[in-house]
Amino acid sequence: MGQIHRLIVDKGIEEARRIAETQPNNAMLQLNAAHTVLSDDTDSMGVTHAGFAMAALPHRKTDDLVWKRENGPTKLLVESGRNSDETLVGIPYGATARMILLYLQTQAVRNQSREIELGGSMQAWLTAMGLAKGGKTYQSVKEQAKRVSRCRLTFFHTSADGDFVSNGAFVRDAILPATGDGKQSSLWRETVVLDEMFYNSLVQHALPLRESAIREISNRSMAIDIYVWLAYRLHHLQKPTPITWTALHAQFSTGPRELRFFKRDIRSSLELALAVYPEAKVGIDDKAGLVLHPSPPPISKRGRIYKIGA
């Protein structure tokens, strides 16, 4: 349990908030997120593919036609899809794309089916994903759903048995129907079907996450990535493991930022991810990097799988 969680447990939430008011601006955000997770007794589970712990989508819009992330033996290539007029759609990016994929993956594993219900309307789907309703969110979900629907995936994995290559997509059919000119129509598709390759791989490599934690960081793509990475790494460790800032930069940076700027910018996302993962035992050294300690997973194996945001 981290310092912020001990503060809540020892002092109570009201006193902890009074203390947080005297701290930097993001202290209250972290405190409230930590309190929500500590107060959560539903044991509800979200799911993502373990591969996203090693190779994630971009955080911001990119003009690249192919997005490449490589970590150790794993490489992910995401290729932009096209509209019917052959114009490029673009690579999915940001927190909204991640929340869409988290919802689809959670529902697929929960129901043990590639076919996923979205609800009777966009409003119902936003509620199910735990996203705020409003015009800006609506447009973001439409845009990212289009990009998620059209892109192509290639996974490479190298092991002692040789190289494994898998081609596919996230979904078989577009999440939102489109008109002939590539624009989304007013029609609503109540169900979507995951790509068979992606679904089969997800079932074999499902990574459990705490639903309330994901909800608290749903608008912070870097915090989501760090949380997923910690959820994957910590409970497999046998001993304390140092991770340098250089290694973190190689995995999480999505641009040519210098290391010193990366260290500054990632700090708030790292602290927020730790705030929603009370079980995580992670030491932060301003000069060396992180020290990961063996820790329990973010949710017990008996955790129940509900809709993201249910």
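**Exercise 1. State how β7 and strand β8 pair, and over how many bridges.**

Solution. Strand β8 spans residues 162–168, and β7 pairs with it in the antiparallel sense over seven bridges. Two strands count as paired if DSSP finds at least two bridges between them. Strands are DSSP runs of E with at least two residues, helices are runs of H or I with at least four residues, and both are numbered from the N terminus. One of the bridges links Phe 156 to its partner Val 165 in β8. The connection from β7 to β8 is a hairpin of two residues.

This is a predicted model, in which local features need pLDDT of at least 70, side-chain atom pairs count only at pLDDT 80 or more, and totals for chains, interfaces and linings use all residues. Residues are numbered from 1 along each chain as its sequence is written, and side-chain values use heavy atoms, with hydrogens and water left out.

**Exercise 2. Find the sense in which strand β3 pairs with strand β7.**

Solution. Strand β3 covers residues 74–79 and strand β7 covers residues 152–159. Their pairing is antiparallel, over six bridges. Within β7, Thr 154 is the bridge partner of Leu 77.

**Exercise 3. Decide whether Leu 102 is buried or exposed.**

Solution. Start with the element: Leu 102 belongs to helix α4, residues 94–111. Next, apply the cut-offs: buried means under 20% relative accessible area, exposed over 50%, and partly exposed in between, with a 1.4 Å probe and protein chains only. Leu 102 has 3% relative accessibility and therefore counts as buried. Its C-alpha atom is separated by 9.1 Å from that of Ile 214, although the two residues are 112 apart along the chain.

**Exercise 4. Describe the backbone and setting of Glu 86 and of Gln 112.**

Solution. Glu 86 is not a glycine, yet its phi is positive, about 75°. The residue sits in the loop between β4 (81–82) and β5 (88–90). With a relative accessible area of 59%, Glu 86 is exposed.

Gln 112, also not a glycine, has a positive phi of about 50°. Its place is the loop between α4 and β6 (115–117). Gln 112 is exposed, at a relative accessible area of 68%.

**Exercise 5. Summarise the whole chain: what are its helix and strand counts, and how does its radius of gyration relate to the globule rule?**

Solution. The protein has 11 helices and 14 strands. Its radius of gyration is 19 Å, close to the 19 Å from the globule rule for 310 residues, so the protein is as compact as a globular protein of that length. The radius is taken over C-alpha atoms, and the rule is 2.2 Å times the number of residues to the power 0.38. Of the 310 residues, 48% count as buried.
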